[in-house]
Amino acid sequence: MSWYDNFLGVMKDNEVRLVSYVPDNVITPLLKGVTSDNYFMSVGATREDEAVGIVTGAWMGGVRGAVMMQTSGFAVIPNVLASLVVPSQVPAVLVVSERGALGEFNIGQVLVSRTMRPTLDAIAVTHHTLDNPDTMNFVVDRALKQAFATLSPVVFILSPLLTGGKVFKA
Amino acid sequence: MATKNDLASQPALKVMNRRDLSKRLVAKLKRDEAIIGGIGNTNFDLWAVGHRPQNFYMLGSMGITVPIALGVALAQPDRGVIAIEGDGSLLMSLGCLATIGMLQPRNLTIVVMDNGMYEITGRQKTATHATSDIVAIARGAGIENSVWARDEAHFDQLIDRRFDEGGPHLIAVKIDDEHATEQTPRDPALIRQRFMQGIGTGRKSALDG
């Protein structure tokens, strides 16, 4: 099975049903999988912080959710993470496709990407970089269980080593 | 620069009071509707008119009130969900109106307390002070049931209905600049936990007895 089918399978195993997203090339197969499967409720949002708000509300209402975005979208959400998700103890699941590394062609993406892990570390949000299809299922499954058991958000960074990334065609 | 908009063509809109309108709204609720109170004076006045278990008070994240309410509405389609938001906060995240226009959640109502200013930071003017019309924006985003409440009697009439069907609705009101008299307790985790207990999703454990 492909990395994205495996990823969605583990989400289902852990009853993560609502997916709110701002699209990205690399996560397109994930989004296709979500929209073509009635198990999932998909909500296209206009901004990533809006998507985090939707997932927060849904979880409080009893439905587990994830936000899917790309690296530059992550740069939109530190405020909502630091002032809502973390202090309110909300196990929001964030899935970020990693631009800005390993063959990036856009300098803006490179710089934004460098803000991501230090920001998450500064607010003590757990993040896992997924770069190995052999260990991915285990990591995602256990990290989701930990997030929901401890009421803590978790971030999965999808490395180009896993997804192939976005390739510069000169 | 003044531009022609829906607001200009409306009969005169009475400037009302946020705390009074919050009180009227809460008094009408009969089915444990969830309320998400926006940051600042909006949720302070919601708190001031009397706490109820289905209230969620935002202490940060300007602009995210309506998205949170949408999330609750999607997760609990049989419960009426009401977002109370200020004009400044809503202007920060107008995109969420487009999302709601697209999804048409029938159990979601948005109440916009519009005083044309960022009241809590020092009364700086917002765009709704002069040119932007929240109701016209919401209609343009696909929320057809968007109306200005002309006065208190009209507001009462607009909220005299079930909140779990017929939506999405947006009710905008012009309000004065009176500060809230009380502040919500600053404990986000406790607010979130109590809210979840109020809408039936709180954790149960032996600690609850």
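Visitor: What makes chain A and chain B count as being in contact?

Guide: In this predicted model, 28 residues of chain A are in contact with 26 residues of chain B, where contact means heavy atoms within 4.5 Å.

Visitor: How do you know what area is buried between chain A and chain B?

Guide: Buried area is the accessible area (1.4 Å probe) that two parts lose on being put together, summed over both; for chain A and chain B this is about 2100 Å², with carbon and sulfur atoms giving 67%. In chain A, the most area is lost to chain B by Glu50(A), Met60(A) and Gly61(A), together 27% of what that side buries.

Visitor: How many salt bridges does the rule find across the interface of chain A and chain B?

Guide: Because a salt bridge requires a side-chain nitrogen of Lys or Arg within 4 Å of a carboxyl oxygen of Asp or Glu, and the rule finds 0 across the interface of chain A and chain B, no pair there earns the name.

Visitor: Which element gives the most to the side of chain A that touches chain B?

Guide: H3(A), with 8 residues; helices here are DSSP runs (H or I, at least four residues), numbered from the N terminus.

Visitor: Why should residues 1-5 of chain B be read with care?

Guide: Their pLDDT, the predictor's confidence in each residue from 0 to 100, stays under 50, although chain B averages 94. Where pLDDT is low, the predicted coordinates should not be read in detail.

Visitor: What conventions apply?

Guide: Residues are numbered from 1 along each chain as its sequence is written, and chains are lettered from A in the order in which they are written. Local features need pLDDT of at least 70, side-chain atom pairs count only at pLDDT 80 or more, totals for chains, interfaces and linings use all residues, and side-chain values use heavy atoms, leaving out hydrogens and water.

How values were computed: Helix = DSSP H or I, 4+ residues; strand = E, 2+ residues; numbered from the N terminus.
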